[in-house]
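I opened this structure to look up its charged pairs and its nonpolar surface. My notes follow the order in which I checked things.

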Amino acid sequence: MAPTNPPVPVRPTTHDEVAAAGSEVIGGPVGRRAAVGRGWWHPARVVVLVMIGMFALGMVQKLPCYTDSWVGGPTAQYTQACYSDIPHLYYGRGFADGLIPYFDRIPETLSPDKAFLEYPVLTGLFMEVAAWLTPDGAVDPGPGQLYWLVNAGMLLACAAIIAACVARTHRDRPWDGLLVALAPAFALTATINWDLLAGALTCGALLMWSRSRPLAAGVLLGLATAAKLYPLLLLGPLFLLCWRAGRLRAFGSALLGAAGAWLVVNGPVMLLAWEGWVTFYAFSEERPVDFGSFWLILAQRTDIPLDSVNTYATALTLLGFAGIALLALRAPRRPRLAQLAFLVVAVFILTNKVYSPQYVLWLIPLAALARPRWRDFLIWQAGEVLYFFGIWMYLAHITGESQDGLPVGGYQLAIAAHLLGTLYLCVMIVRDALRPDHDVIRRAGSDDPGGGVLDGAADVFILHRRVAASGRGVSRET
């Protein structure tokens, strides 16, 4: 068999007017004779290097807090927009005192409202490993700052994995990874919390699925769910698309891998430290209305009963998921996996009781794969950056003695900006699914380059539409 040549990378500067305009900074759009993607300077490597540079800029943005504000008082870390959970939880969850997560009860003197760590097991392990690597005793800067620095190094590795996976998932579109690497909200929020661990595992799962390795994809998805809850949602789109394409065996392999990997990580802690293990799930259920959500706007402006928000939020989430299921099974052409993955995570976030600024990290890689258009991506990012600064200015307003910062009305506008930005991107992706001629990936002739076994597969099940027999599929009408 003759060797097949690798696909020629799509050049964004020749297909995207915003990318072409932005390229003027480095000399303009690529020419026809340019040797791009050859030798060491492979697009994926360039994307990773750009990601490392942007991540470093994000660390520099946290420098005022690293030198003083995390320990110099509650307000300065907000006015300088450099807050991070990481150094605070180093002390507040007992890592500085050598407590073992889930097994050792946290003293009330350290955490009045949390008896155990309120994070999933794999994230807890990540936090514990960082604590092992952090020097203790009298050091300058303090252990809290060094703990953040160690975590930042580990999270940088996760960010590089995310960039590489996104660049490699669509074989002929590696430069779409620059959407992730250059995303301003990514750099600003990367070291607020530990979300990048789950993001790296999720992107690895999507890469494995695109290579038609469903079992490996499932294992990574199970590990991602052991680090954060949202990756579990991707099993829904996988099931719907495999059902429509008659590839349920591949879905079964992914489901088996996910369940097995999740159980291997969680099982020992469940058996030996149930009270500590269940804290995360109890906290998620009992968490009150919090920052960033439209529920907070309602709570501040109306008399909505807060004890009913769980019911309302669950109902809205299920309604959104039902709409995505209809889209998956009734669209004139089977939607791409990345499109449904973005939509299902976005619905979960938009209807949630809290929309923390770092939740944007869940969506950025999915957005780059679902809607790789710089104009729409930057519109969405503008709303997220506005909200990033808005929440810290609002916290400065309610915690500072001088009441400087952003008042309630201004903060509600910032919430609206990032909610509407996410909704805008959802609308554009739904339009692409309903009218594939608007989808820049399918417009170039591809089906679903990230779909693995789904790519090019015939439909065998579709709601209320007659499907012609073709390829390996068997048509039927429902």
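These entries cover salt bridges first, then one surface patch.

**Entry 1, model.** I am working from a predicted model.

**Entry 2, salt bridge count.** I looked up the total and got 15 salt bridges. Side chains of opposite charge can pair when their charged atoms come close.

**Entry 3, Arg334 and Asp459.** I found these side chains in a salt bridge, 2.6 Å from N to O. The pair links distant parts of the chain, 125 residues apart. Arg334 sits in the loop between α17 (309-330) and α18 (337-350), and Asp459 in the segment after α22 (440-443). I checked the accessibility of each. Arg334 is buried at 5%, and Asp459 is buried at 14%.

**Entry 4, Asp439 and Arg336.** Here the closest N and O atoms of the salt bridge are 2.8 Å apart. Asp439 is in the loop between α21 (408-434) and α22, and Arg336 is in the loop between α17 and α18, so this pair ties together parts 103 residues apart in sequence. Both Asp439 and Arg336 are buried.

**Entry 5, network.** I traced shared partners next. Salt bridges join Arg244, Arg333, Arg334, Arg442, Asp447 and Asp459 into one network.

**Entry 6, Asp113 and Lys114.** I noted a salt bridge with its closest N and O atoms 3.2 Å apart. Asp113 is exposed, at 59% relative accessible area, whereas Lys114 counts as buried at 12%.

**Entry 7, nonpolar patch.** Which residues make the nonpolar surface patch of about 460 Å²? I listed Ile100, Phe103, Leu271 and Leu272. Phe103 lies in the loop between α6 (85-92) and α7 (121-133). Its relative accessible area is 40%, so Phe103 counts as partly exposed.

Note on methods
Residues are numbered from 1 along each chain as its sequence is written. This is a predicted model: local features need pLDDT of at least 70, side-chain atom pairs count only at pLDDT 80 or more; totals for chains, interfaces and linings use all residues. Side-chain values use heavy atoms; hydrogens and water are left out. Patches are made of residues with over 30% relative accessible area and no salt bridge: like charges are joined within 9 Å, nonpolar side chains (Val, Leu, Ile, Met, Phe, Trp, Tyr) within 5 Å. Accessible areas come from the Shrake-Rupley method with a 1.4 Å probe; for residues, only the protein chains shown count as cover. Helices (H or I, at least four residues) and strands (E, at least two) are DSSP runs, numbered from the N terminus. Buried means under 20% relative accessible area, exposed over 50%, partly exposed in between (1.4 Å probe, protein chains only).
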